[in-house]
Structures are given as structure tokens and as C-alpha cells.
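Work through the two exercises below with the sequence and the structure side by side, and try each task before you read its solution.

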Amino acid sequence: MTNETQRGEAEPAIDPLLIEVPQRIETPRLILRCPRRGDGEALNAAECDTLVELLPWMPWAKSARALAESEIYCRRSEAKFLLREDLPMLIFDRVPHPSGA
């Protein structure tokens with residue numbers, strides 16, 4: 001505690017850009033990472049494949065996005081992540097499932 005906080009004065013806020021946040025987290029089964037340029041195709045495919053399951057839980061899942069919209073989302077999300085305005089993460093299986101699994 002600094003002298004200022006002892007006197008009831010607030011400490012200056014930390015600039016969010018200085019907060020270290022991992023861009024990638026790996027577990028034995030999964031990879032979590034911030035969206036990047038080029039992820040739009042994989043994100044779009046995952047959303048389209050699971051739209052029925054997402055519908056009751058995700059307010060944005062009213063209809064399938066166009067591929068370009070998914071890519072724009074990924075690029076915008078990467079920028080927001082770097083600016084610490086939002087911290088979205090995509091989840092990938094470390095070992096891809098065989099076709100049809």
C-alpha cells in the first residue's frame with residue numbers, strides 16, 4: 001500500500017495495454033487462443049455446423065453469418081484483443097477428430 005492509498009487517495013489506473021494476457025493457452029486436449037486473420041473459415045464452419053445448438057444460448061446465433069462476416073469478426077477481435085478492449089478466445093482440439101466424428 002502506498003502513502004497515497006493510506007490517505008484514501010486512489011492509485012492511478014493501469015493502462016490495459018500494459019496488462020500481460022496470454023494470446024495462447026494449451027492444455028493436453030485443447031488450444032485456446034485469440035482470433036487471428038485467417039480464422040474466419042474455421043469459425044464460420046463451426047458456427048454453421050452447430051447453429052441449432054447455439055440458438056437457445058447465444059443471442060448472436062439467429063442466422064448463419066457469411067464467410068466474409070466471420071473473417072471480419074476474427075480480424076476485429078484480434079485488434080480488440082491487442083488493445084485489451086475485449087478478450088475473445090477460440091477453442092481448438094489439439095488432435096483433430098477423424099472425419100465424421
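**Exercise 1.** How do the residues of the lining of the largest pocket divide into nonpolar, polar and charged?

*Solution.* Keep in mind that this is a predicted model. Begin with the pocket itself, which has a volume of about 440 Å³, and then turn to the 16 residues that line it, of which Leu43, Ala46, Glu47, Leu90 and Ile91 are the closest to its centre. Sorting the lining by residue type gives 11 nonpolar residues, one polar residue and four charged residues. As a last step, ask where the lining comes from: helix 2 (40–54) and strand 3 (90–93) each supply at least two residues, and helix 2 gives the most, with seven residues.

**Exercise 2.** Which side chains of strand 2 (residues 30–33) are buried, and which residues stand opposite isoleucine 31 in the strands that pair with strand 2?

*Solution.* Follow the side chains along strand 2 and note that they alternate, with Ile31 and Arg33 pointing to one face, where they are buried, whereas Leu30 and Leu32 point to the other face and are not buried. Buried here means under 20% relative accessible area.

Next, look at the neighbouring strands. Strand 1 (residues 24–26) is joined to strand 2 by a hairpin of three residues, and the two pair in the antiparallel sense over three bridges, with glutamate 26 standing opposite isoleucine 31. Strand 3 also runs antiparallel to strand 2, joined to it by four bridges, and here phenylalanine 92 is the residue opposite isoleucine 31.

Note on methods. Residues are numbered from 1 along each chain as its sequence is written. This is a predicted model: local features need pLDDT of at least 70, side-chain atom pairs count only at pLDDT 80 or more; totals for chains, interfaces and linings use all residues. Side-chain values use heavy atoms; hydrogens and water are left out. On a 1 Å grid over the protein atoms alone, a cavity is a set of points where a 1.4 Å probe fits but cannot get out, and a pocket is an open set with protein on both sides within 12 Å along at least five of seven lines; lining residues have an atom within 4 Å of a point. Grid points are joined across faces, edges and corners, and a volume is the space filled by probe spheres set on the points. Ala, Val, Leu, Ile, Met, Phe, Trp, Tyr, Cys and Pro count as nonpolar, Asp, Glu, Lys and Arg as charged, and the others, Gly among them, as polar. Buried means under 20% relative accessible area, exposed over 50%, partly exposed in between (1.4 Å probe, protein chains only). Two strands pair if DSSP finds at least two bridges between them.
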